[in-house]
Structure formats: C-alpha cells, structure tokens
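Work through the following exercises with the sequence and the structure side by side, attempting each task before reading its solution.

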Amino acid sequence: MPPSKRKAGYNSDWVRLVPFLLFCLVFEIVPILFLIRGSVVDKTTSQLTLQHYLNLNHPLYLNSFLNSIKISGLTAIVGVLFGTFIGYAIYRWPSRRVQEILITLSDVTTNFAGAPLAFAFVVILGMNGVITQFFLQYFRYELYPTFSIYSFSGLTLAYIYFQLPLMVLLILPAFAGIKREWRESAQSLGANTFQFWRYIGVPVLMPSLIAGVTLLFANAFGAYATAYTLVEAKLSLVTLQIGYMIAGEVRKDPAIGMAMAVVSLIIMGLSIGIYQAATIRARRWSKS
Amino acid sequence: MAYLDLKNVTKVYSGVDVVHNFNLEIDKGSLVSFLGPSGCGKTTTLRMIAGFTKLDEGTIRLDGEDITTVSPNRRDIGMVFQAYALFPNMTVRGNVAFGLLMKKMPKREIDQRVDQVLEMVRLQDAAERFPHQLSGGQQQRIALARALAVLPRVLLLDEPLSALDAEVRVVLRGEIRRIQSELAITTVYVTHDQEEALSISDKVVVMNRGVIEQIGTPEEIYRTPQSHFVATFIGTANQFLGKVSGIDTVIGDHFNLLVDGMKGFVDGKQVVVLVRPETIHVESEQPKHDGWNSIPGEVETITFHGAVTRLGVNLHGQRVVADITVAHTKPISLNQKIWLLFPPDACQVMAVDERS
Amino acid sequence: MKNPQKPGQETNRKIRPAGWQIFTVALFLFYMLLPIVSTYIFSVATRWDRTILPEGYTLEFYIRAFQTSYFVTTLRNSLILSVATILVSLIVIVPTVYWVHTRLTGFKPLLDVLMILPFGIPTVVLALALVQVYNFPPLARSPILLIGAVVVYSMPFMYRPVSNAMQAIDALTLTEAGQSLGANVYQVLSKIIIPNILPGILSGSLLVFSTVFAEYTLTSLIVGAKFKTFPLLLVEYTRINGNIAAAFSVVSFTIAWLVSILILWVGTKGQDGAAETRQAR
C-alpha cells in the first residue's frame, strides 16, 4: 500500500502548510486576537477591564448597533421572502436558456454592492432622480422631502438590490433538491398542492430559508462602501463608526472601536455559525 | 367487468406514440407486470394509471368508475418509486402515517394502522428513525408500507428494486409478492427484469415500443411466445431460418426441422423456428431417437454457469446454444463432435418479424 | 445548480411560463436593471434633472473623466493591486490546496474553517485590526499591508474554484502516477497538477480580479490617498461632479461585465476539459 495512503492524512509534511498558516496568522488571526485583547485591556493601567464595553452604553454607539441590526434584519427578511418567490418563478421557467441568463444576472448584480451602486440609486431616486421625476410628472407626487435616498429607507432600498439576487442564487439549488417523487408520492397519498408544501415542501426548504436569513443578515451587517457613499454622516451604522475611528476622525480612545469591532465579530460569528449549520442540514436532506 | 380497465390508452410525445392503443383488463387482487426494454412505454402507462401523466386518447376505469380525468390525489392509489422517495423531514412513522393524515383519520387509529403495516414489512423497530438512517432495502420497505397504509384500491410499483443490490432484490420481491397476496391488493408492477416479472406475477404484459406484444401467465409467455420479439426478449432462444413445407417441416439451408403441427402458414413462407437451449439434448454418438430432430455439430465454447453448463455449438456455421446440467452422463470437451437433439414440440414457429 | 429543472418532465412541462412568473421576473429585472441603465444614460446626458429622459446627449463627461489627473494613475494602481493579490493568492493557496488534497487530507476541516473566516470578518474590522497592530514603519499604512489584507479578504474566491478543480482531477491518483514514473514533487506540481487545474486557477484569478478591482473599504481605510485606486477616485467624484462619477461608474460596471463573461467562458471550457480527462481515464 503506498505510504501516502497509509498515514491517514496527518504527517510530518505539515511543514508544507507553514507558509499559508503563517500568512493567515500574520494578516488575520493575530490582528484579530490583538483586537480582542485591546478591547479588554485598559491602556493606562494594563489591566483587564470590561470598561470599554460598558462605554458602549452611549446613545451614539447604541444607535449605531440598533440601526445596523435593523437594516440587516429588515433587508434579510425582505430579501428572503421576495428572493424565494422570485427564485421559484425562475425555477419553474420552461426555457433553460432564460433560466441561465437570469442566474448569471443574479450572480453579477449581487456583487455590485459599493459606491457605484449607491451612486446609481442616487441617479434614480435622488432629488432629481429618474423615478423622482416620474412621480412628479405623471402623478404630481413629490417624493421629497418626506422620502430621501440619503437615509435609512434609501439605504434599505440599495441593500435590497444586492440581497435579492443573493437569495435567488441560494434558493435555486434548494428547489432543485425537492424531488419530483416526493410531490408525486404525496399526491398519490391524497395531498393537494397546499398540503404538499405545508408538510413536505416548506419543511424541507426551511434550512435553506434559515441559511438565507443569516447569510443576508451577515452580508448587510458588514457592508461599508455602499453606506459610506450614500448616507455617510446622516445615518449611524456600526461599520461606519468603526471606519471613523480608523480614519482618526474621532479623537477617542481606539479601545471603544475595538470593543465595537469585537461585538460585531460576535454577531457575525453567530450568523455565519447558524448559516453553516443550516446549510449542512439542507444538503443532507437533498441527498436522501 | 375487470377491476382495472384500460381501453385504447394512447400517449404521444413530440409526434411519436410512446404508448399506442393499450388495452388491458386487470382482475381484482391480481399482480400484473409490465415487462419490456427501456423506452417501451411501461412506465408511461403506469404513470397514466396513477394520474401523473395525462392520456391523449382512451379511458381508464377503476372499479367501474372512470378515473381518466381524476387528479392523482383523488384516485386512491398507492405508488412505490424506484428512488424510494421517502420524505426526509419526517420519521418512518411520519412517512407511513402521511396518507392517513391526509384522510384525516383520528390519531389513535393512525398509530394503530402504522404499527400494523410496519409489522407487515417487518420494520416495527424503525418507527422513530429518519430515512437517511436506513439502508436502501429498508427504505423501500418503508415506501411500500407507506403506500399500503391507506389500503389503496390499486398498488403501483415503478421498478421498485432496480436501485438495490442483487441479493436484496431477490428477498424483497418475495416479500412484495407475499404481502400483495395476503392483502389481495390489485397491483401493477413495472420492471425490465424478466426474472422478477416471471417469478412473482399472475399475468405478464410484454411491451415493446409502446404496444403490447403479449399478455399471459409467466408460463405462457415463456413456453408459447406469440411473437418474435417476445420469444427473443424472454430467455434465450436459438433461431433457425427456413421455408415452410407441409404441416410439419421447415426447410433450412443445411438441414430440415420437424416441427409440431403448424397452422396458418402457407407453403414456401419464410419463418423462423425458435428452440430454447434447455430443451436441447446432447449426445456424443449418433442417436437413434425417431421423430426427433438430430443435427451434428462441433463444440466451440463451454461456459460454466453453476447449475447449468452452456455449450456454444457450431452447426453448419450457425452458433447454437444448448444448456446441459450436471446430470448429463458423459463429459464434453472443446472441439468435440456431438449431436444436438430436440423434439418437434420444442420448436416454436413464427413469421419473420421485421420490427425486432 | 446549472440544471435547476429536469427537461422533459411531463407534469411540469409547459411551453409558456405562467402569468405570475412573467410578472415576478419582470419586476425583478426592472429592479436590477433600472439603476444600471440609468447610470449609463446619465453618463451621456447633458442635463437630466427636470425630465424623465435626458434633455440632450454628449460624450463630454467621458472625455473629461479620462482627462482627470488621477484617472490613469488610479486605474494603474487598481490593476497593480489586483495582479499582486492574484499572484500572492496563487502562491499561497494553490500549493496548500494541493497538499491538503493529497498528503495532508486531515487538515481539510481546518482549511475549510479558515476559508469561511473572511466571510465572518467585516472589512472594517479587518482594517481596524491591521492598522492597530501594524502601526510601525515600514508596514504602517503601506501597500504591502493592503495586499495582505486584500488577499485575506479574497481568499475564499480563489480557494473554491481551485479546490473544486483539484477534487475533479483526483490529484492524489495523478500524483502517484507521476511519482511512479519518476517525477519529484515539484515536477508533479508544475508539469501535471497545475496544467490540469488551469481552468480552476483562471476562474479563481478572474473572481479575485473583479473583487479586488472594485474593493473600496480596505483600500481607503488602510492606505487611503497614498495609494489611490479606481474605486477611491469614483467615490471622490460622487461628491464633486456627478456626471463624471457616472462615467467612472460605467467604466466600473463594464469591467465587471467583461470579467463575468470571461469567468463564464472559462467555466464552460473547464467543464469540457474535466469531462475529457474523465473519459480518457
């Protein structure tokens, strides 16, 4: 038996992994550890303290967390609901060609987040935007000043832009995993369409839906460029706050920024963790 | 009238008749197999009975009721698929109870029925497990239990054993037959495996390219095939070409064959005479049987199949197959000159079929 | 996922999509395309603040855009950053994936976790961590630090195609075949493995390219104006001159489309190659 198969995958060759592990350590793991340490240490006394976290209990920071969670949760739920629906419409489309085009389109648009997207939304929904004009001219309705693109609602619309296709891409394989035979079995056992979805379809889809909510939540929570371009100082978000601290625009103790960052990591970690668990469950069911 | 009655059932895909004028009467409580090669239309016909595929022409009646246009969830049929199709999000109990849940049976009765049915398939202990924790054979037994739990009027099985190992297949097909006859449930069984069909069916429907070639008991299908296709599809058959002469002789290129009274063949007509390998006797010296066909030839191949040894014999350039058992007296060797003997009633004569 | 619905399924087969499908997809397309199309039109519009359609068309803004002082510089910087990231990624990731697929299979779970990690770290957090730790010269706010950050950020995008390709060619068996014929490890890698996973490498590189080319957060927070890339220029102009910003957006979108098409094309070629390899065996 060749030696490479005998040793079950752990052997002295692990040395070869060192460059990669070193890279991860240097640019990823050590900095994050420093971050965690910095958030629980008092700079002057060098003693452990939770003071920095307690300092987060200030309207400015609480607001930013609230807003970030609100916008992430909102766009995640809207994204999952509508994305699932759109995904089903695409899944049941008879033409393979059209399906492929729509999938490619989703693939591209979900990566469009950032400044160009924010700017594009200003073009359509800004004070002189296309849609603003449209409402003005055809319905004699003035969107502004009750609505503004440079606000929470405006940013929500921009976030939904890249959340929807992400959900579409996520849910399509889940629909494909619903076997035709399950549907037919259920029918032969007397179930109508509603009963099939209620007892089998939706439960089987549920892990993917949960995966969708958590992934979209994490996606929105960590977004920076779109928010920076569109709302900057007008809306307080966690990522923006941390950004200010790095740029040194706020002459405050950086430890607060680190505390915020650690809390963000915990939130993100939970989301991604649930996402992974849900994905594994979804995959297991689609294989059976 | 028959319990399940298909009349002139036809299905067309892209201008081609995948099922053409299918007529069949199935008696209550019997097990009928649809047997044929891939693409012969057997699964399509089954799915039309189930209601998943719409008929283009014809009618289907079940217990006197016309179900041609009834939707599948109202036909009261049970279906077992090749791919088991157990619902992954439910336990075995949940799966088996599903049809009863749809019928809105009270919970206690549901539990009782589920236990009964699980006992029938001998998987009482698996009730709280999930499908992915079971083996293929176990999953298929649960699928069967699920289909039977509602006591359907008809049980339909679409190649239920194809995905399983050979040993499991043999055991399970016996189980299916046992349960089916115990419950006396009218059953249609689709398969491409002859052995399966012949071993468990009351009647076999042999199909080819969308039409029925023959309907009969397994014995009838095997012993008296009505068409060239059936004769060559079922088991192995040696084919001798020749011309009809009188009522008992077929004249071939190198030898003549004595056959049992032929009817309906004109003198000079081109026919093929079919002879099954197991009906051929082998002698190492010129035999003296009168009234039997005896033809000399040379042994080209000897293949040991366990219970039977298959000889490939060269008869004037044609390869003929003969099966001999261990009971055969003298050992045969390669290139040995032997005589093949078979009686006239082992010969089946039929017109040469251009289709197959 | 390339084949969401089996063709020829009788019960699902329709010639036309249902009304609600058309309606839903039409709305979806509208939402997706309107911002992009509007940006394209805006970049060639003379005046468009009072009407549904522009009052006039001009290429003036493109000319001015291409003439801005930093245009060429930023494009060049973006290109340098992308290429550098791709090179570093390849050097760090490809051999690692190879070892994990052949001799060090026990480390696969660790690798999987490390490749999920970047998704769990928001870019601002990564930037904060790096800037705080490496606040000494020569690393402080340097392009080197930026490249490190960007490689970490884009690791999963290089990893997935390369790992899939490595899996598809059964790298372990090929390695053993090569070794039995006398090749040493480096020869196996360079002459056997890499040529066969080229589509995966290409896909990964293109993905990294498009990701890095559009990257704003890490660049602006770690190096800022010292190493201005194209996205930074774009954001700058959103606050100065909208029309020119639109022209830059169009450039940004167009590059993204082109790279996506390239990725698709490489993807299909890769499938053919893998299929041939399997057949030949």
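**Exercise 1.** How many bridges join strand β16 of chain B to strand β19 of chain B, and do the two run parallel or antiparallel?

*Solution.* The model is predicted, with local features needing pLDDT of at least 70, side-chain atom pairs counting only at pLDDT 80 or more, and totals for chains, interfaces and linings using all residues. Residues are numbered from 1 along each chain as its sequence is written, while chains are lettered from A and ligands numbered from 1 in the order in which they are written. Strands are DSSP runs of E of at least two residues, and helices runs of H or I of at least four, numbered from the N terminus; two strands pair if DSSP finds at least two bridges between them. Between β16 (residues 293-304) and β19 (residues 337-342) of chain B there are six bridges, and the strands run antiparallel. Within this pairing, B:I295 stands opposite B:L340 of β19(B).

**Exercise 2.** Place this pair in its sheet and explain which strands stand at the edges.

*Solution.* The order is β15-β19-β16-β17-β18 (chain B), an open sheet of five strands with antiparallel pairing. Because β15 (281-283) and β18 (318-325) of chain B each have a single partner strand, one side of each is left without a neighbour in the sheet.

**Exercise 3.** Where in chain A is confidence lowest, and where highest?

*Solution.* Chain A has a mean pLDDT (the predictor's confidence in each residue, from 0 to 100) of 88, and 94% of its residues reach 70 or more. Helix α1 (residues 3-6) of chain A is lowest, at a mean of 46, whereas helix α4 (residues 59-91) of chain A is highest, at 95.
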